[in-house]
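Me: Let's go through this structure and pin down what the labels rest on. Here it is.

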There are 4 protein chains.
Amino acid sequence: MSIEVVTLDAEPAFAFGGRPPALTVEPGTVVELFTEDCFGGAVRTVDDLPSEVCEFPYLNPVTGPIAVAGAEPGDTVAVHFVDIRPARSWAVSSTFPHFGALTTTHTTAMLHPALEERVWLYDVDAARGICRFRARSAELEVELPLDPMHGTVGVAPAAGEVIMSITPGAHGGNMDTPELRAGTTAYFGVNVPGGLISIGDGHCRQGEGEVCGTAVETAMNTVVVVDLIKGGAPAWPRLESDGHVMSIGSARPLEDAFRISQHDLVGWTADLLGLDLLDAYQLVSQAGLAPAGNVVDTNYTMLAKLPKSVLTGASVYDGTHARLRAVAAEYLGRR
Amino acid sequence: MSIEVVTLDAEPAFAFGGRPPALTVEPGTVVELFTEDCFGGAVRTVDDLPSEVCEFPYLNPVTGPIAVAGAEPGDTVAVHFVDIRPARSWAVSSTFPHFGALTTTHTTAMLHPALEERVWLYDVDAARGICRFRARSAELEVELPLDPMHGTVGVAPAAGEVIMSITPGAHGGNMDTPELRAGTTAYFGVNVPGGLISIGDGHCRQGEGEVCGTAVETAMNTVVVVDLIKGGAPAWPRLESDGHVMSIGSARPLEDAFRISQHDLVGWTADLLGLDLLDAYQLVSQAGLAPAGNVVDTNYTMLAKLPKSVLTGASVYDGTHARLRAVAAEYLGRR
Amino acid sequence: MSIEVVTLDAEPAFAFGGRPPALTVEPGTVVELFTEDCFGGAVRTVDDLPSEVCEFPYLNPVTGPIAVAGAEPGDTVAVHFVDIRPARSWAVSSTFPHFGALTTTHTTAMLHPALEERVWLYDVDAARGICRFRARSAELEVELPLDPMHGTVGVAPAAGEVIMSITPGAHGGNMDTPELRAGTTAYFGVNVPGGLISIGDGHCRQGEGEVCGTAVETAMNTVVVVDLIKGGAPAWPRLESDGHVMSIGSARPLEDAFRISQHDLVGWTADLLGLDLLDAYQLVSQAGLAPAGNVVDTNYTMLAKLPKSVLTGASVYDGTHARLRAVAAEYLGRR
Amino acid sequence: MSIEVVTLDAEPAFAFGGRPPALTVEPGTVVELFTEDCFGGAVRTVDDLPSEVCEFPYLNPVTGPIAVAGAEPGDTVAVHFVDIRPARSWAVSSTFPHFGALTTTHTTAMLHPALEERVWLYDVDAARGICRFRARSAELEVELPLDPMHGTVGVAPAAGEVIMSITPGAHGGNMDTPELRAGTTAYFGVNVPGGLISIGDGHCRQGEGEVCGTAVETAMNTVVVVDLIKGGAPAWPRLESDGHVMSIGSARPLEDAFRISQHDLVGWTADLLGLDLLDAYQLVSQAGLAPAGNVVDTNYTMLAKLPKSVLTGASVYDGTHARLRAVAAEYLGRR
């Protein structure tokens, strides 16, 4: 099997849209890239408060955009995560004033002063597959399994919009779901020629909901395969892993994110199984999962997730995921 | 080990609150009971449309209430699910006019006519551990794993309220989460003497979110152990399984259900590990799960779920779950 | 004109539902009654903190219930406010821990401590038609126009529910809209024989949204005429003043309260003018008003309000409002 | 009094941000401009269905941007509406598939087919001050008062974002409130040099909430005075009329739009009257109004509105509104 491998080297950007491609590749190309953490690498000790060492809007840098040759509006680009590897032996997390699910924010505006801004420094031990939480108010340490992923991946938005990288939406963006780990394929509808894929916000791991507003944030050395499916643009991002298909909705209130994701999954299931919408609605109701992505960003994100065991015989995007899995295996085998 | 076993035989009720106990038991008693399905057993074929064969408000019958001797306001009652066994070889599900997540409802009021009302009949094969979905619009059949659970369990509400059994809230009620399966212990704060536990709405299985509004509904033969913890009443229901502790929030919009559940889990984690709230917030943010319960009932339900591996050394409710697990094992061993 | 006048003398209740009538009257009867303030009269100085001098759930007392002879489920009862007169020369308002729109609450749960609990004492000068705000943090005083109204009015709920008086819903309850002033007729669908009307929570005035959680609260001497319309039960409360018809929705999130109110007003307008729903939707879109009632209670309340000038020739509830206006004029003329 | 008057002639744009100024003026300049209707003038008969004659994203054109010389980030630009005059003797309104408050949309996603798309043609009679609604399903005609206003006005957003003109936010945009009529001054925080003001979406009138999704839409000949206040950038748009000050919040869910607007008004009131936040919270609670702007756009809009009678002695933006009123009077006197 012959695979093309290129390395992307780009200045960090802070938005989806409004930028020319940093790299253009043929469908099927393996791309190696580096992403800085959501603080731009500026938070290195528990005394580096993000609100002091970071400057709005230079937050959540993304690497890209990558154009896929031949991608036109209405097409679908696939981004398969081959490898996501922490680039450092440490990671950070923090509260941030007016950000998070259990605090007054600029939109859920209240008369309370901001919560305390606090930083946590994690050890990252890739060999042992763990990252280590150290409490600040007590002597407690807890080892948590490494589960590296990207909070942010997406394409240039429709209608010429330029959207801050911290916002998730129909174009992807900062969806902050732990499902975006190695082994997963993400599908996005193309809005502009090339699609223009950007990736950022590496997490050593995160809980569902990302309730305090940040995950275990670190720089990543990441490898993806990008691919092109002519036509078939999904209205909202979709994921595929070996075990599940997933639809992603990002909106407020959270029930609308839920509705978007379930609506897309119901329609997708109907297409895949040759059912009408009501039959697919029923099947998803009994077999589906509905984990939160994030409930902190400028839009909230929910996933609708269906085991492939329910989809016997159906061909998802003509076997794209399996094909990209094979490319990934070839790449990893050579390394 | 000596265990007390009693059988509860009660008329169906349709609310939490407003009723005297049907049974009073000592803490630690095993209670065997039967629950009718959410349609009161009236939907038996695909031609039995719920809106025709059921009569509001006689929906979602619950069995109970069970008083726990000695339970006073401010105490905690525990309900451990020992066994949940489908009482029939079939089950039903349906859409219902103006009910469900992807349809106009009486509160998310729109100008559309109601979606088609449709019934699905499932085969239940307990021996093989499956229930069988049969599409109505195509020839498709799909076997889904049996995962029996109760959509509805709770206690009499505070403030003398009488709340329809279809509503989830601080008292429990119709939370509709698949986590309410055998092997799980549910904890409720006591509002009235005896606590007054009722149980209903058996599901052969359900997806997270219960998006169409109903699960794979059937009558159940169910066994629980009820217990009493003096004091410590949680503000919202909590669950404990062998692997996880969980807090449950039920409210609208869905982000408030999320906030309630996460807020409770953060406070609970802080208590269990001796952390301050911000440290617990951080730990839950990285290690927690956040699945939807239902996004269709009169309140929506979210769960905040933490692996016990994170809680090393902490004693949850003084080992109540393990103790009730032992009672359950004793009971099941004798049967 | 012959009018019947009776005085209602009842113990305070704290819920809608679950109580026998305190008084039964014929349709068209004038009822004189007294309502205590939402604190049960316990807050009399700025040092009487509600959380210390009041006891949950003995908050927001209502007077009633009044049964209307002949009212059956499916009918409509009308409550016309003839007179709402502050019973004292002072009134109070306060913040209350975990209550209000700009603070963490039990459902919009956050990690902040509660806002400061503070009481404001208002002078009420009925002769001059003003109440006087006195700042606590500065020397400022502001005279505000008296605009007496009731925050709470409604009937016994459907389905045998007993609902705390602080909750607004389809049965009315604690809607907290300044539109419930003298001269307004409220219409409610009847759920139980007699309808069972209760009234409470007098306000010298309130802003729309009642953002801090309480209005200028005082005891009231109030006069209403109650009436019966056979059939025609509205799904949600409706109001009629000399100038406007109004539909009220109470739900969360706030857009659902908006949807309910607009949906009802669109249907009502279609009925009154002989239009189809889309034409009525269009007319309401251009001519309607949409003020907030409250955005603090356990459900939020929005009003959809249409000038009667748009309804030329239409007869609203067969002229009930004009008829009750005449009864009120007769009553007031005699006094 | 010497006033500067210029005419802006610009190509329509469809976004805020991402464009150089079409005109740069000194503070205090009167600008005459023309705005096309939200359909780009393409809907001219009841048979011109918007989904057929308009092309996404070329909807809701705005005229501008106007740079104010000297405006820097952190400053405040004022836009005083001098005159808003329908440019045609007709106007249109419509439903639009998947848009509106009482229909399934792309975010409140449901399984219903879209509502019927229907167009209404209004006569506009400026001399008599009315526009005439003609029902499509019946013979009814209703005259409604002309109350011309702009749905859309704002500045270039922060963080380099480019935001579709149909979205309201912190930068203003498509707020769709009837308060944006002649005689009102709007204040915006400046994000980029010049501020970059754009205006569009003229309405002959609209109801609060704009429930069907469109108002009585027409092209407008509009005159504004733009002005500059150094510093003092409000976080969200503010309005001032002769009688009221208003804060505007745009977000989802609707209670967050409410919270933003009330939070801003509370802070503003505290500043103006020298109160602490709790005292201002109390005063706004009793004296404020809370009408909906729109509950249909990509963000919803609420207003918090306080009568100036409550603000005795306070100077709002150093008397900017009165000064711009004087410029407007001078301009109108000359015409």
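Me: A polar contact here is a pair of N or O atoms within 3.5 Å; within protein, one must be able to donate a hydrogen and the other to accept it, and residues adjacent in sequence count only if both atoms are side-chain atoms. How many residue pairs in polar contact are there between chain C and chain A?

Reply: There are 8 such residue pairs between chain C and chain A, both partners at pLDDT 80 or more. This is a predicted model, where local features need pLDDT of at least 70, side-chain atom pairs count only at pLDDT 80 or more, and totals for chains, interfaces and linings use all residues. Residues are numbered from 1 along each chain as its sequence is written, chains are lettered from A and ligands numbered from 1 in the order in which they are written, and side-chain values use heavy atoms, with hydrogens and water left out.

Me: Why is T76(C) called buried?

Reply: Buried means under 20% relative accessible area (1.4 Å probe, protein chains only). T76(C) has 0% relative accessibility, so T76(C) counts as buried.

Me: What makes the side chain of T76(C) a polar contact partner of G232(C)?

Reply: A polar atom of that side chain lies 3.1 Å from the backbone oxygen of G232(C), and the cut-off is 3.5 Å. The T76(C) side chain also reaches the backbone nitrogen of A233(C), at 3.2 Å.

Me: How many salt bridges are there between chain C and chain A?

Reply: The count is 0: no side-chain nitrogen of Lys or Arg within 4 Å of a carboxyl oxygen of Asp or Glu.

Terms used. Buried means under 20% relative accessible area, exposed over 50%, partly exposed in between (1.4 Å probe, protein chains only).
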